[in-house]
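Please keep the sequence and the coordinates side by side while reading, since the paragraphs below move from one region to the next and ask a few questions on the way.

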Amino acid sequence: MTARLPPPLRPSSATPPPRRHAHAAREQHLHLLRRARAHPRRHPPRTRPPALNHRRLRLLPRLRPPPPPQPRALPSSPSFSRPHVFLFNSILRSLQPGPDCSPLPLFRRFLCLGVRPNRYTFPLLLTCLSSLRDLRAVHPQVAKSGFSRDIHVRNALLARYAACDPDLAHAEQLFDEMTHPDVVAWTTMITSYKNRGRTFQALATFRRILAASVAPNRVTMVAALGACAAHGAGTWIHEYVQKQGWELDVVLGTALVDMMEADGVRPDAVTLVCVLCACAHAGFVDIGRKIFHLIVQGEYGFQPGIKHYGCMVDLLSRSGHLDDAFSVVETMPSQPNAVIWGLLLRGCKAHGDSQLSEHVMRRLVELEPENASHYVLLSNLYAETGRWQEAEEILQWMKKNGLRKDAGWSLRMLGDRLLSPKFDSPKLMLPIQGSFVR
């Protein structure tokens, strides 16, 4: 027997409700969650799924109002009997350090509910503390929980003592109790000494880190460079940076230049090229302009060379200051080469300036008339802007004068041999300093 289909539903005579937008639905959902937090039920059901509580706790950062929350706004009466430590960590992650929002009442409440902190709890909790009094109250709990030897908890505790203790007495005691402090702990102490004007202690601590055979990182060097000018140790640290072979980024390079200026030592041309190059890749236009103008004014005892101009053109072209980059090229004391024009061309193509791109390409053709790639780029530019006749004329002129752009080709390894489409048979290629020779 064939099963009968259910009868079709009758159309409702009532007017369908207007369709809400997703934004309005989300606002109503957040409003209900705020009401649930403000008026918790006296006898919450114990059968609520844990995942529901997890989702509520994840929404706490969105529900936090713009000003710092007051202690009464914290969910000190959770609606679950045995909360997971993940929920407590989620609440801590949403808090901000401040005197009006101490997480200690919430921490004690969760301890009473049987929550056992893990290795992620104390770094989050310590970050929320802003007073030395609260910090000294949490420190015994760290030791009692058995996480005092954890490297992340220990460094977080040291960082908060260094931030909250005016005379660094507690931070120094905790640091001295460490058997083998890592580079993070050493850097914390050096930075704290430097920020409080105790440059001698900062420099002495830097010498201690070297004696302890702990390799400093870039953050350590920046803090040490800031403390060196008052004691004439800038040259020594500069030599250490060069010996390590570190590439100067914006932060380290700027700190090195500032230290040399305060120490009465002028940075050389190579150092400033590295700093300008770092500014170009990081997009620090103002810092690069300031350093370049000081070089032009002769503050460092020499005039900018073509590498300094190239770094400045690259910095301005990358950041979209194409007119300023073109002015730098035009005001160069020497003739700009193809590399300088190529840097400006890359910026023009990246920011869609076809008019300046055409001018730059014509200058490249004048400098290197035998380079077929310049003509191809110019022809492509005409084609992109709809100037098909001019693009065809350039290609015909290249064909008439015998200019051909080399086609791309690839290499394939076969054991100790390289197979190339340019060769009829495999030839033995020997690697020498990153290249291959026959």
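A polar contact is a pair of N or O atoms within 3.5 Å, and within protein one of the two must be able to donate a hydrogen and the other to accept it. This is a predicted model, and with that in mind the walk can begin at threonine 220, which has its place in helix α12, residues 218-228. With which side chains does the side chain of threonine 220 make a polar contact? One partner is the side chain of threonine 187, at 2.5 Å, and another is the side chain of asparagine 217, at 2.7 Å. Asparagine 217 also caps the N-terminal end of α12, where a side-chain oxygen lies 3.2 Å from the backbone nitrogen of valine 219.

Is threonine 220 buried or exposed? Threonine 220 counts as buried because its relative accessible area is 0%, and buried means under 20%. Apart from neighbours within four places in sequence, threonine 220 is in contact with Val183, Thr187, Ile190, Phe206 and Ile209, so that Thr187 appears both in this list and as a polar partner, by the definition of a pair within 3.5 Å. Elsewhere in α12, the buried residues include Met221, Ala223, Ala224, Leu225, Ala227 and Cys228.

The loop between α11 (199-211) and α12 holds serine 213, which has a positive phi of about 60 degrees although it is not a glycine. Leucine 168, in the loop between α8 (151-164) and α9 (169-177), likewise has a positive phi of about 60 degrees without being a glycine. Their surroundings can be set side by side: leucine 168 counts as buried because its relative accessibility is 0%, whereas serine 213 counts as exposed because its value is 69%, the cut-off for exposed being over 50%.

Helix α14, residues 250-263, offers a view of a whole element, for its 14 residues reach 20 Å from the first C-alpha to the last, close to the 20 Å expected at 1.5 Å a residue. How many of the 14 residues of α14 are buried? Ten of them are, which leaves the helix mostly covered, and among these buried residues are Val250, Leu252, Leu256, Met260 and Asp263. After α14 comes glycine 264, with a positive phi near 80 degrees. Leu256 also takes part in a contact with threonine 271, a residue of helix α15, residues 269-282. Not counting residues up to four places away in sequence, threonine 271 touches His238 and Leu248 as well as Leu256, and threonine 271 counts as buried because its relative accessible area is 4%.

In soluble globular proteins, nonpolar side chains tend to be buried together. Here the largest nonpolar core has 104 residues, of which Phe122, Val138, Leu158, Ile237, Val313 and Leu344 touch the most other members. Leucine 344, with residues up to four places away in sequence left out, touches Val313, Ser317, Leu322, Ala325, Phe326, Val329, Leu356 and Val360.

Phenylalanine 326, one of those partners of leucine 344, is found in helix α18, residues 322-330. It counts as partly exposed because its relative accessible area is 22%, a value that falls between the cut-offs of 20% and 50%. Beyond its neighbours within four places in sequence, phenylalanine 326 is in contact with Trp341, Leu344, Leu356 and His359. Phenylalanine 326 and leucine 356 are 30 residues apart along the chain, and their C-alpha atoms are separated by 8.9 Å.

Notes. Residues numbered from 1 in each chain as written. Predicted model: local features only at pLDDT ≥ 70, side-chain atom pairs only at ≥ 80, totals over all residues. Heavy atoms only, no water. Helix = DSSP H or I, 4+ residues; strand = E, 2+ residues; numbered from the N terminus. Buried < 20%, exposed > 50% of the residue type's maximum accessible area, 1.4 Å probe, protein only. Contact = heavy atoms within 4.5 Å. Core = buried A, V, L, I, M, F, W, Y, C linked by side-chain atoms within 4.5 Å. Expected span 1.5 Å × (residues − 1).
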